[in-house]
Structure formats: C-alpha cells, structure tokens
Amino acid sequence: EPVQTMMSHLDPAKVNVSKNGRIQAVCTRARHSPPQDLHDLVEQQGKRVDELSDQEFCAAHLASLCESALRELKNSNHH
C-alpha cells in the first residue's frame, strides 16, 4: 500500500532531520541528484523537483518506482 510505504519512510522514530530542516529518509536520498524519470514525472504535474517539499519528493519517488515497475511489467509481457 502506498500510504503505508510513505508512512514507514517518514516515521519520526526512524527519520533524522538535518540542521537545515530537511528530512533524511530513504526516499530523500536521491534529492541532490534525482533520476530523470523522477524529474519527468514531477514535470508532468507542472512542478519542478527543487520546489517539492520532502513529503512531496517522497511521494514522487514512490510514484516513479511504481511507474518503472509497471513499465517493466508491460515490457516483459510483450516478449
């Protein structure tokens, strides 16, 4: 479930917060150098990666993983 996954990534008991207030979670590790598919997904929503909150970035990260998995599933079914 996406909501449970997001909540586990942002669980206050497991997440550190840096001095600048940024969440340091598994889903924010790629924040400094996000993959192109994450950029593309965010831009399709009319936003830029650098303007996302940490929570929005985590949601976009999860969405890009789901999109990638679906794409691979479709590709494997065509071979």
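Trainee: Let's start with a cysteine: is Cys58 buried or exposed?
Mentor: Bear in mind that this is a predicted model, in which local features need pLDDT of at least 70, side-chain atom pairs count only at pLDDT 80 or more, and totals for chains, interfaces and linings use all residues. Residues are numbered from 1 along each chain as its sequence is written, and side-chain values use heavy atoms, with hydrogens and water left out. Buried means under 20% relative accessible area, exposed over 50% and partly exposed in between (1.4 Å probe, protein chains only). The relative accessible area of Cys58 is 1%, so Cys58 is buried.

Trainee: Which cysteine forms a disulfide with Cys58?
Mentor: The rule asks for a pair of cysteine sulfur atoms within 2.5 Å, and it gives a count of one disulfide here. The sulfur atom of Cys58 has its partner 1.8 Å away. That partner counts as buried because its relative accessibility is 2%. The residue bonded to Cys58 is Cys27.

Trainee: And how many residues apart are Cys27 and Cys58?
Mentor: The link is right-handed, with 60 degrees about the S-S bond. Cys58 sits in helix α3, while Cys27 is in the loop between β2 (23-24) and α2. The disulfide therefore ties together distant parts of the chain, with a separation of 31 residues.

Trainee: OK, zoom out for me: what pattern does the chain follow along the sequence?
Mentor: Helices and strands here are DSSP runs, numbered from the N terminus (H or I of at least four residues for a helix, E of at least two for a strand). By that count there are three helices and two strands. Reading along the sequence, you get α-β-β-α-α.

Trainee: At what angle do the axes of α2 and α3 cross?
Mentor: Helix α2 covers residues 36-44 and helix α3 covers 54-77, and their axes come within 9 Å. Axes are lines fitted to C-alpha atoms, for helices over the stretch in contact, with angles from 0 to 180 degrees between N-to-C directions. The crossing angle of α2 and α3 is roughly 110 degrees.

Trainee: What does that make α2 relative to α3?
Mentor: Under 35 degrees counts as roughly parallel, over 145 as roughly antiparallel, 65 to 115 as roughly perpendicular and the rest as oblique. The α2 and α3 axes cross at roughly 110 degrees. That makes the pair roughly perpendicular.

Trainee: Which residues of α2 make the contact with α3?
Mentor: Contact means heavy atoms within 4.5 Å. On the α3 side you have Phe57, Ala60, His61, Ala63, Ser64, Glu67, Ser68 and Arg71. The residues of this contact divide into six nonpolar, three polar and three charged (Ala, Val, Leu, Ile, Met, Phe, Trp, Tyr, Cys and Pro count as nonpolar, Asp, Glu, Lys and Arg as charged, the others, Gly among them, as polar). On the α2 side, the contact is made by Asp37, Leu38, Leu41 and Val42.

Trainee: Which residues form the largest nonpolar core?
Mentor: Such a core is a set of buried Ala, Val, Leu, Ile, Met, Phe, Trp, Tyr and Cys residues joined through side-chain atoms within 4.5 Å. There are six residues in the largest one, and α2 and α3 each supply at least two of them. Those six are Leu38, Val42, Val49, Leu52, Phe57 and Ala60.

Trainee: What does Leu52 touch, not counting residues up to four places away in sequence?
Mentor: Leu52 belongs to that six-residue core along with Val42, Phe57 and Ala60, and it touches those three. Add the remaining neighbours and the list reads Val42, Phe57, Ala60, Arg22, Arg31 and Lys47.

Trainee: Is His61 buried or exposed?
Mentor: His61 lies in helix α3. Leaving aside neighbours within four places in sequence, it is in contact with Cys27 and Leu38. Its relative accessible area is 17%, which means His61 is buried.

Trainee: And what is the relative accessible area of Asp54?
Mentor: Asp54 is also found in helix α3. Its contacts, leaving aside neighbours within four places in sequence, are Gly21, Arg22, Ile23, Thr28 and Arg31. Asp54 counts as buried because its relative accessible area is 7%.

Trainee: Last one: is His32 buried or exposed?
Mentor: His32 lies in the loop between β2 and α2. C-alpha to C-alpha, His32 and Asp50 are 9.0 Å apart in space and 18 residues apart in sequence. With a relative accessible area of 81%, His32 is exposed.
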